[in-house]
Amino acid sequence: MASNGNNAAKAKYEQKVPVFYYRPTHTDCQLLREQWIRARYERKEFVCVERQEPYSAGYREGFLWKRGRDNGQFLSRKCILSERDGALKYYNKHDAREPKALMKIHTLNASFQPGKIGQPHGLQVTYLKDNSTRNIFVYHKDGKEMVDWFNAIRAARFHYLQVAFPGAHHADLVPKLTRNYIKEGYMEKTGPKHTEGFKKRWFTMDDRRLMYFKDPLDAYARGEVFIGSKENSYIVLPGLPPSTQGYHWQFGITIVTPDRKFLFTCETEEEQQDWMAAFQGLVNRPMLPQEYAVEAHFKHKP
């Protein structure tokens, strides 16, 4: 009975869910789960396609609260997402003609980060600027508004990928629309000569890019490490070389790459095991053709 009832409800209230619309799981933040329920049963967005216009029209304009890069204050900023322009833009002044930043849709990612940002509707938006990752942090007091922005970004990405990969199945494109980070947290690291003291940094693993920041809400990473596959001589080892000095946390990790060894330490054994598992998952995964180009860029970075 319960199963039949659920199936009937899905047939009625999920008739026309756009393929790009994010369907949250139990691990997602409360905002996404709550707005998914409201969209289905309260607003009936997937029964009547006209109600999907806020995120499916290919153009969205509005004001979001954006965290300042240097002072950390949230200020209202005009934002425009345009599929025609292939970009998300924001403006420092409401009447400004030129945007402060232009974020190309093909490098755009969005991920809800309420805990890190300190706002229940906090969204982290990243894009590539000169092939380095740039973070901006935004929120809106209205939960629906924020989720609409998130799904509008996913819609724009979906339509871009449909053009970039004609004939690709929807099932192959949807996982590429937005991505959550594999893992984030604090570790200590040392420099390339391994003679400097270890410094505590916030690390974000965004697929094969391991970025480290002085503060979790920094706009730019202090550095990035590419994590390749074992076929390309990338190895993950527990512990540190015996001669290593200057670290405080006792649970070490060594990542061997074709060019050098990266040394990290974790505060607890549990954190060490979690990071090791995340690194090993990437090392065990064969690299895609496009990832070789990313690796080459990292090798030629000054």
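Helix α7 (residues 269–283) lies across β8 (183–189), β9 (199–206), β10 (209–213), β12, β13 and β14 (261–266), and runs at about 110° to β8. Contact here means heavy atoms within 4.5 Å. Axes are lines fitted to C-alpha atoms, for helices over the stretch in contact, and angles run from 0 to 180 degrees between N-to-C directions. Helices (H or I, at least four residues) and strands (E, at least two) are DSSP runs, numbered from the N terminus.

This is a predicted model: local features need pLDDT of at least 70, side-chain atom pairs count only at pLDDT 80 or more, and totals for chains, interfaces and linings use all residues. Residues are numbered from 1 along each chain as its sequence is written, and side-chain values use heavy atoms, with hydrogens and water left out.

**The sheet under α7**

Seven strands form an open antiparallel sheet, ordered β11-β10-β9-β8-β14-β13-β12. Two strands count as paired if DSSP finds at least two bridges between them. β11 (223–226) and β12 (235–238) are the edge strands, each pairing on one side only. On average, neighbouring strands of this sheet are turned by 35° against each other, direction ignored.

**The sheet with α5**

Another open sheet of seven strands has the order β4-β3-β2-β1-β7-β6-β5, with antiparallel pairing. β4 (101–104) and β5 (109–112) each have a single partner strand, so one side of each lacks a neighbour in the sheet. Here the average turn between neighbouring strands is 35°, direction ignored. Helix α5 (residues 143–164) packs on this sheet, touching β1, β2, β3 (87–91), β5, β6 (123–129) and β7 (132–139). The direction of α5 makes about 120° with that of β1.

Two antiparallel strand pairs, with a bridge from each:

| Strand pair | Bridges | One bridge pair |
|---|---|---|
| β1 (residues 59–67) and β2 (residues 74–82) | Nine bridges | Phe 63 with Lys 78 |
| β12 and β13 (residues 251–256) | Four bridges | Pro 238 with Ile 253 |

**Helix α2**

The 13 residues of α2 (residues 30–42) should span 18 Å at 1.5 Å a residue; the end C-alpha atoms are 17 Å apart, which agrees. The expected span is 1.5 Å times one less than the number of residues. Leu 31, Leu 32, Gln 35, Trp 36, Ala 39 and Arg 40 are the buried residues of α2. Seen down the axis, they fall within an arc of 150°, so they line one face of the helix. That arc is taken from the directions from the helix axis to the C-beta atoms. Gln 30 and Glu 42, on the other side of α2, are exposed. Buried means under 20% relative accessible area and exposed over 50% (1.4 Å probe, protein chains only). After α2 comes Lys 44, with a positive phi near 50°.
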